[in-house]
Amino acid sequence: MPSFSLLFLGVLYFLSARFGMAVFALQPANITLLWLPAGIGLIMVLIAKARALPLIFTASFLANWSGMQLHDVWSDNLHTVIAAMADTLAAWISATLLQKYFTHGLQRAVDLYRFVLLACFLPTLCSGFILVSNLVFGAYLPANQFSTLLAKMIAADSLGILLVYPLYADWRAGMSRKESFLYASIAPNFAYITIALSGVWLAFHGFPGAIYFFPAMALLLAYRAKASAVSFLLLLATVVLLSLSTKNLGPFAIIDQDQAHLLLLSFIMFTTLATQSVSIQQRQLDLSIEQSQRWQQKAMHDTLTGLHNRAYFENILEDEWQRYRKFHRTFVLAMLDIDHFKHINDFYGHAAGDEVLRTVAKVLPQSLRQIDMVCRYGGEEFTILLPGTNLDEAQVILERLRIAIQNTQIPFENKILKVTVSIGAVMAQDSLGDHGEMLVASDKQMYKAKEAGRNRVEFRVEF
């Protein structure tokens, strides 16, 4: 990772810490209800490994330093060093467990809960125990607040990881697809995000029950939007909720502040878990559908030319034959073969042959009607289905196609190649037993065209 990018994340770690202390601060001032640096530190270690640890330590030390200058300088600096070491340790443990147990990221809803336990709870339990013990021994807070403060610290740090890491994972996924994060995920869902945040605003302006409108909208967004939009909404709403609630405003402003803070953190934690679970599950469903469609697309198309392949075409041909038998809607089947194709491969090489096939495959649809279908049947052979067409109409279409290919220039390695095709065509008739016999008949007509001198169309007219 470039040093500038790592330094940028280090500065972001420091600024988010100072922001948290200024906006979400409890007493003492260096304890916050949301510790976003926990998530940023995790990302730093994921990206830069051990090189990130000194920068995390430095950023944490500088962020905590002013809030811990209550006694003599040496003692306060020592306790600040311990706090910075605990923050650094948490980032390292979280990244290590994430890389070990979540090598493919968060792919299922159950992965999210394992992620909370392993990458959020366990690391912050270790660092939180060290941090709170450090505060008690340093006389920054009374010992009877140990358990309450430890619970708040675990929740605040875990929430920081839970909110920040999915944003990073979604950003990386968007980068691999070369998508704009804002444009592809947040901008199209601006209305949903605005409505969800409106529920938060109403909850702080005389309608406390409106707070539960937020998780409902967040879940709806999780089903409809990209995961990055969901993560962005959760982060933004958490910042708003916590910043206002720490000022004793809104539905979580109750007399017992410790109870209020734990209630607030629980609400945010479970809302985040539920929403992220739905988002992950929906993303997996979307991926499954996308993969199914992609494999279906591959199964139906020839990889070299992009045309439909033989298996797909024969199914379509069988359906067209059944329509003919049932409704007497006639159609024409044509078989086309590139003349002297073996000579092209032998003289110019297979790369030239592939270029000829691709070019012919582009010319064919351009010379046909929208309702017609063309496929690569195999090798240098193509089949063409002309629905609702008789032999006279087909002759006009196929002659136009033959001339178009004859006049096509094919650039290849500073050379211009030209090819011709032989075409055999047959119209559906009751004397042909099925669509398979039509294929055989059109193939015979194609070979008649070759025997008659190539670069021509032969029609079967007698039955």
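Trainee: Which residue caps the N-terminal end of helix 15?
Mentor: This is a predicted model, in which local features need pLDDT of at least 70 and side-chain atom pairs count only at pLDDT 80 or more, while totals for chains, interfaces and linings use all residues. Residues are numbered from 1 along each chain as its sequence is written, and side-chain values use heavy atoms, with hydrogens and water left out. Helices (H or I, at least four residues) and strands (E, at least two) are DSSP runs numbered from the N terminus, and a polar contact is a pair of N or O atoms within 3.5 Å, where within protein one must be able to donate a hydrogen and the other to accept it, and residues adjacent in sequence count only if both atoms are side-chain atoms. At the N-terminal end of helix 15, a side-chain oxygen lies 3.1 Å from the backbone nitrogen of D392, and the residue carrying that oxygen is N390.

Trainee: How far does helix 15 reach from its first C-alpha to its last?
Mentor: Helix 15 runs over residues 391–406 and has 16 residues. The expected span of a helix is 1.5 Å times one less than its number of residues. The reach is close to the 22 Å expected, being itself 22 Å.

Trainee: How wide an arc around the axis do the buried residues of helix 15 cover?
Mentor: Buried means under 20% relative accessible area and exposed means over 50%, with partly exposed in between (1.4 Å probe, protein chains only); in helix 15 the buried residues are L391, A394, I397, L398, L401, R402 and I405. Their arc, taken from the directions from the helix axis to the C-beta atoms, puts them on the same side of helix 15, because it is only 135 degrees. It helps to remember that an α-helix has 3.6 residues a turn, so residues three or four places apart point the same way. The arc asked for is therefore 135 degrees.

Trainee: Which exposed residues lie on the face of helix 15 turned away from its buried side?
Mentor: The buried residues of helix 15 are covered by elements that include strand 3, helix 14, strand 5, strand 8 and strand 9, where contact means heavy atoms within 4.5 Å. The face turned away from the buried side carries the exposed residues D392 and V396.

Trainee: How many residues of strand 5, one of the elements covering helix 15, are buried?
Mentor: On one side of strand 5, E381, T383, L385 and P387 are buried, and on the other side F382, I384 and L386 are buried, which leaves both faces covered. The count of buried residues in strand 5 is 7 of its 7.

Trainee: Which residue of strand 5 is the bridge partner of both A334 and V374?
Mentor: Two strands pair if DSSP finds at least two bridges between them. Strand 5 pairs in the antiparallel sense with strand 3 over 7 bridges, and also in the antiparallel sense with strand 4 over 5 bridges. Within strand 5, M373 has L385 as its bridge partner, whereas A334 and V374 each have I384.

Trainee: Which residue in the hairpin of strand 4 and strand 5 takes a positive phi?
Mentor: Strand 4 covers residues 373–378 and is largely enclosed by the rest of the structure, because 5 of its 6 residues are buried. The hairpin has 2 residues between the strands, and the residue with a positive phi near 60 degrees is G379.

Trainee: What is the phi of N414, which is not a glycine?
Mentor: Most residues other than glycine have a negative phi, and most peptide bonds are trans. N414 is found in the loop between strand 6 and strand 7, and it is exposed, with a relative accessible area of 87%. Although N414 is not a glycine, its phi is positive, at about 65 degrees.

Trainee: How far apart are the C-alpha atoms of T272 and T238?
Mentor: T272 sits in helix 11 and is buried at a relative accessible area of 1%, whereas T238 lies in helix 10 and is buried at 2%. Leaving out residues up to four places away in sequence, T272 touches L159, L162, L163 and L234, while T238 touches L34, L159, L163 and I268. The two threonines are 34 residues apart along the chain, and their C-alpha atoms are separated by 9.2 Å.
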